[in-house]
Amino acid sequence: MLESWIILFLSIFCEVTGTSCLKLSDGFSKIIPTISVFVFYGLALWGLSVVVKKMDVSIAYAVWSGVGTATVAVIGICLFGERATAVKMCSLLLIIIGVVGLNYTSSGK
């Protein structure tokens, strides 16, 4: 199971990197970031598909999308100069609570 979690977090890293490259691609007008988007999204989806063979899809996808979304939001604030509003911070907290809650309820099988 540890192997699945490692692959899941590597998949999240690839998804976050792909999303960051999407911003950097400037509407697919810059070739290196554009190619990177497809490579990293492909790796992310491949990793997720490997993980759901051994892990509940509800948990794998919740962690993948939740951690990815929260990480991209933090990158947007720190690297791309997006505003860190109270609503945005509360929303990120709710994402984290939701992922933890799903993980907690499935661990009691």
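Let's start with a cysteine: the sulfur of Cys90 sits 17 Å from the closest cysteine sulfur, the one in Cys78, and that is too far for a bond. A disulfide would need the two sulfur atoms within 2.5 Å. Keep in mind throughout that this is a predicted model. How exposed is Cys90 to its surroundings? Cys90 is partly exposed, with a relative accessible area of 48%.

The story is wider than one residue, since a search of the whole structure turns up zero disulfides. Cys78, too, is in no disulfide, and for Cys78 the nearest cysteine sulfur is that of Cys21, 17 Å away. Cys78 has a relative accessibility of 58%, so Cys78 counts as exposed.

Now step back and look at the whole thing. What is the protein built from? Its secondary structure comes to four helices and zero strands, and reading from the N terminus the elements go α-α-α-α. If you draw a box along the principal axes around the C-alpha atoms, that box is roughly 50 × 35 × 15 Å. The protein has 109 residues, and 33% of them count as buried. Take the contacts between residues at least 6 apart in sequence: 63% of those join residues at least 24 apart.

Begin the walk at the N-terminal end, in helix 1, which covers residues 2-24. Ser4 lies in this helix. Is Ser4 buried or exposed? With a relative accessible area of 6%, Ser4 is buried, because the cut-off for buried is under 20%. Setting aside its neighbours within four places in sequence, Ser4 is in contact with Val51, Lys54 and Met55.

Further along helix 1 you meet Glu15. Glu15 has 16% relative accessibility, so Glu15 counts as buried as well. Which residues does Glu15 touch, once its neighbours within four places in sequence are left aside? They are Phe40, Tyr41, Ala44, Trp64 and Gly68. One of these partners is worth a second look: Glu15 and Ala44 are 29 residues apart in sequence, yet their C-alpha atoms are 5.2 Å apart in space.

After helix 1 comes a loop that leads to helix 2, which spans residues 31-51. Two residues in the loop have backbone angles to point out. Asp26, placed in this loop, has a positive phi of about 55° although it is not a glycine. Phe28 is also in the loop between helix 1 and helix 2, and its phi is near 60°, again a positive value in a residue other than glycine. As for its surroundings, Phe28 is partly exposed, with a relative accessible area of 43%.

Next, the way the helices pack. Two packed helices are described by the angle between their axes and the distance between the axes. For helix 2 and helix 3, the axes come within 10 Å and cross at roughly 155°. Angles over 145 degrees count as roughly antiparallel, and helix 2 and helix 3 are therefore roughly antiparallel to each other. Helix 2 passes helix 3 in a right-handed crossing. Who makes the contact? From helix 2 come Ala44, Leu45, Leu48 and Val51, and from helix 3 come Ala60, Tyr61 and Trp64. Sorted by class, the residues in this contact are seven nonpolar, no polar and no charged. You have met some of these names already: Ala44 and Trp64 are among the residues in contact with Glu15, and Val51 is one of those in contact with Ser4.

The last pair is helix 3, residues 57-79, with helix 4, residues 86-106. Here the axes come within 9 Å and cross at roughly 160°, so these two helices are also roughly antiparallel to each other. What is the hand of the crossing, left or right? Helix 3 passes helix 4 in a left-handed crossing. On the helix 3 side, the residues in contact are Ser58, Ile59, Ala62, Val63, Gly66, Thr69, Ala70, Ala73 and Ile77. They meet Lys88, Met89, Leu92, Ile95, Val99, Leu102, Asn103 and Ser106 in helix 4. By class, that contact has 11 nonpolar, five polar and one charged residues.

Key
Residues are numbered from 1 along each chain as its sequence is written. This is a predicted model: local features need pLDDT of at least 70, side-chain atom pairs count only at pLDDT 80 or more; totals for chains, interfaces and linings use all residues. Side-chain values use heavy atoms; hydrogens and water are left out. Buried means under 20% relative accessible area, exposed over 50%, partly exposed in between (1.4 Å probe, protein chains only). Axes are lines fitted to C-alpha atoms, for helices over the stretch in contact, and angles run from 0 to 180 degrees between N-to-C directions. Angles under 35 degrees count as roughly parallel, over 145 as roughly antiparallel, 65 to 115 as roughly perpendicular and the rest as oblique. A crossing is left-handed if the near helix is turned anticlockwise from the far one by less than a right angle, and right-handed if clockwise. Contact means heavy atoms within 4.5 Å. Ala, Val, Leu, Ile, Met, Phe, Trp, Tyr, Cys and Pro count as nonpolar, Asp, Glu, Lys and Arg as charged, and the others, Gly among them, as polar.
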